[in-house]
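Work through the exercises below with the sequence and the model open. Try each task before reading its solution.

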Amino acid sequence: MSAFVQEMASAIKSRTALPKMPSDLSIEEAYSLQKELVSQVSDGPIRGLKAGMTAAAGQKAFGLTHPLIGSLYTWGQLSPGATFKREPGVSLECEIGIVIDSDGKPKSAGPVIEVPRMAWGDPGDAKGANLTACNIAADRYIVGQQASLRSSYEGWRVRLTRDGEEVLDAPLTDALGGPHAALDWMINEASERGLAIDEDMLLITGACGGIHPAEEGEYIADYGELGSISFTVT
């Protein structure tokens, strides 16, 4: 599979379509391929981890019964105010990101916009194991202001607008029951999958309000007192 992983890595680096994916990968095989892929694409230490397929509807669409975990590339981090181009397969997700210590304990938390790129060469490849193998479409992400992790996120919401029009309005407990439960799941899953936990890693905990195509426009993700993230898609 090394040649196949090299093809995937080349497609990710060149921002082109993924090669034809295997038809019969198991999840265990897919996670093994993911580790090899991340080592080729990351160009150094990873920035952290990401939870994917946290919603039941998404899991069903990909033939899954559980969430997935992947890695964040250090080169993918953007700052608020970033501008990036609309491209095939590029989407937006409103999330909470948590910075942890080497024991997996939270140090801070804040708004994050994930900008994944799901660029299948063949639409029929959109299956859970294939998504796992390509590192859950990890690409870029915008990290907002960090503060202390709150004791509860019940009642907290995020509202994303494009050119003043609402794209989503969702509770911050939407992904895996909220940041605390999501963090616990991610730490446990990282251990199960042999993924390292290091000081100051960023863990993004899943989409609140679903996944939305990155259409052209001026965006504001308003997390209330937690802060906001503005960005532009051209």
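**Exercise 1.** Is Ser26 buried, partly exposed or exposed?

Solution. The model is a predicted one. Step one is to find the residue: Ser26 lies in the loop between H1 and H2. Step two is to read its relative accessibility, which is 26%. Partly exposed covers the range between the cut-offs of 20% and 50%. Ser26 therefore counts as partly exposed. As a last step, look for Thr132: Ser26 and Thr132 are 106 residues apart in sequence, and their C-alpha atoms are 9.7 Å apart in space.

**Exercise 2.** Locate Arg15, and state what its phi angle is.

Solution. Arg15 sits in the loop between H1 and H2. Its phi is positive, about 60°, although Arg15 is not a glycine. For comparison, keep the general rule in mind: most residues other than glycine have a negative phi. A further case is Asp200, with a positive phi near 70°. Asp200 is placed in the loop between helix H5 (179-193) and strand S10 (202-204). With a relative accessibility of 38%, Asp200 counts as partly exposed.

**Exercise 3.** With which residue does Arg15 form a salt bridge in which the closest N and O atoms are 2.7 Å apart?

Solution. Begin with the general idea: side chains of opposite charge can pair when their charged atoms come close. The partner of Arg15 is Asp139, and the closest N and O atoms are 2.7 Å apart. Next, place the two ends. Arg15 is in the loop between helix H1 (2-14) and helix H2 (27-41), while Asp139 is in the loop between helix H4 (128-133) and strand S7 (140-143). The pair is 124 residues apart and links distant parts of the chain. Then compare the surroundings: Asp139 is buried because its relative accessible area is 3%, whereas Arg15 is partly exposed at 26%. Finally, follow the charges outward: Arg15, Glu87, Asp139 and Arg140 are linked in a network of salt bridges.

**Exercise 4.** How many salt bridges does the count come to? Describe two further pairs.

Solution. The count comes to 13 salt bridges. One of the pairs is Lys50 with Glu114, where the closest N and O atoms are 2.6 Å apart. Lys50 belongs to strand S1 and Glu114 to strand S6 (residues 106-115), so to speak of sequence distance, the two are 64 residues apart. Both Lys50 and Glu114 are buried. Another pair is Arg159 with Glu166, at 2.8 Å from N to O. Here Arg159 is partly exposed at 36% relative accessibility, and Glu166 is partly exposed at 46%.

**Exercise 5.** Which residues have the most contacts inside the largest nonpolar core?

Solution. The general tendency comes first: in soluble globular proteins, nonpolar side chains tend to be buried together. The largest nonpolar core of this model has 66 residues, and those with the most contacts inside it are Ile113, Leu131, Leu172, Tyr223 and Phe231. H2 supplies the largest share of this core, seven residues. Now take Tyr223 as an example. Leaving out residues up to four places away in sequence, Tyr223 touches several residues, including Cys94, Ile96, Pro111, Ile113, Trp156 and Leu172. A second, separate core has seven residues, among them Leu72, Val112, Tyr141 and Val143.

**Exercise 6.** What is the volume of the largest cavity, and which residues line it?

Solution. The count comes to one cavity of 30 Å³ or more. The largest cavity has a volume of about 90 Å³. Its lining is made of Ile12, Leu18, Arg117, Met118, Ala119, Cys134, Ala137, Ala138 and Asp139. Sorted by class, this lining has seven nonpolar, no polar and two charged residues.

**Exercise 7.** Which element gives the most residues to the lining of the largest pocket?

Solution. The largest pocket has a volume of about 280 Å³. Of its 20 lining residues, Met53, Thr54, Glu93, Ala207 and Ile211 are the closest to its centre. Two or more lining residues come from each of strand S1 (48-52) and strand S5 (91-100). S1 gives the most, with three residues. By class, the lining of the largest pocket has nine nonpolar, seven polar and four charged residues.

Conventions
Residues numbered from 1 in each chain as written. Predicted model: local features only at pLDDT ≥ 70, side-chain atom pairs only at ≥ 80, totals over all residues. Heavy atoms only, no water. 1 Å grid on protein atoms, 1.4 Å probe; cavity = no way out; pocket = protein on both sides within 12 Å on 5 of 7 lines; lining within 4 Å. Points joined across faces, edges and corners; volume = space filled by probe spheres on them. Nonpolar A, V, L, I, M, F, W, Y, C, P; charged D, E, K, R; others polar. Helix = DSSP H or I, 4+ residues; strand = E, 2+ residues; numbered from the N terminus. Salt bridge = Lys/Arg side-chain N within 4 Å of Asp/Glu carboxyl O. Buried < 20%, exposed > 50% of the residue type's maximum accessible area, 1.4 Å probe, protein only. Core = buried A, V, L, I, M, F, W, Y, C linked by side-chain atoms within 4.5 Å. Contact = heavy atoms within 4.5 Å.
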